[in-house]
Amino acid sequence: MTQVEKILQKFTRLPPPKDLTWLELVQVMASFGFEWECSGGSHGAFVNEEINAEIKPAVKPHGKGENVIPAYQIRNYKKILADYGFLS
């Protein structure tokens with residue numbers, strides 16, 4: 001199993017993981033063809049030009065020691081990916 005497959009498995013498990021990092025989320029989104037485009041500071045969007053899709057707002061965690069994606073954001077990303085047909 002590759003590193004990306006392990007991260008995808010972690011991302012899709014229930015309940016949402018409490019230790020998914022920003023870099024892992026970027027890898028998950030990249031595996032579905034989305035690239036992070038920063039619009040300034042910690043805000044931006046995940047863009048997939050192949051299917052003309054944009055997920056925004058997307059906020060990179062910031063602050064002291066903050067690098068973990070909150071569970072509610074993981075649920076939102078999973079729902080959006082399911083709406084686009086990437087997840088079942």
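Two residues count as in contact here when they have heavy atoms within 4.5 Å of each other. By that yardstick, and leaving aside neighbours within four places in sequence, Tyr77 is in contact with Phe11, Leu25, Met29, Phe46, Ile55, Ala58 and Val59. Keep in mind that this is a predicted model. Below is a quick tour of the core, the hairpin, a loop proline and some backbone oddities.

**The nonpolar core**

- The largest nonpolar core has 18 residues. Tyr77 is among those with the most contacts inside it, along with Phe11, Leu25, Met29, Phe34, Phe46 and Leu81.
- Helix 1 (3–12), helix 2 (22–31), strand 3 and helix 3 each chip in at least two residues of this core.
- Helix 2 supplies the largest share, with 4 residues.

**The hairpin**

- Strand 1 (residues 35–40) and strand 2 (residues 43–48) run antiparallel to each other and pair over 5 bridges.
- Across that pairing, Cys38 sits opposite Gly44 in strand 2.
- Just 2 residues separate the two strands of the hairpin, and Gly41 in the turn has a positive phi of about 60 degrees.

**Pro61 and its surroundings**

- Look for Pro61 in the loop between strand 3 (53–59) and helix 3 (71–83).
- Is Pro61 buried or exposed? Its relative accessibility is 18%, so Pro61 counts as buried, the cut-off for that label being under 20%.
- Not counting residues up to four places away in sequence, Pro61 touches Trp22, Glu66, Asn67, Val68 and Ile69.
- Pro61 and His43 are 18 residues apart in sequence, with their C-alpha atoms 9.3 Å apart in space.

**Backbone oddities**

- As background, most residues other than glycine have a negative phi, and most peptide bonds are trans.
- Which peptide bond has its omega near -10 degrees? That's the cis bond from Leu14 to Pro15, and Pro15 lies in the loop between helix 1 and helix 2.
- The peptide bond from Lys56 to Pro57 is cis too, with omega near 0 degrees. Pro57 is part of strand 3.
- Asn52 isn't a glycine, yet its phi is positive, near 55 degrees. You'll find Asn52 in the loop between strand 2 and strand 3.
- Asn52 counts as exposed because its relative accessibility is 72%, and the label applies over 50%.

Note on methods:
Residues are numbered from 1 along each chain as its sequence is written. This is a predicted model: local features need pLDDT of at least 70, side-chain atom pairs count only at pLDDT 80 or more; totals for chains, interfaces and linings use all residues. Side-chain values use heavy atoms; hydrogens and water are left out. Buried means under 20% relative accessible area, exposed over 50%, partly exposed in between (1.4 Å probe, protein chains only). A nonpolar core is a set of buried Ala, Val, Leu, Ile, Met, Phe, Trp, Tyr and Cys residues joined through side-chain atoms within 4.5 Å. Two strands pair if DSSP finds at least two bridges between them.
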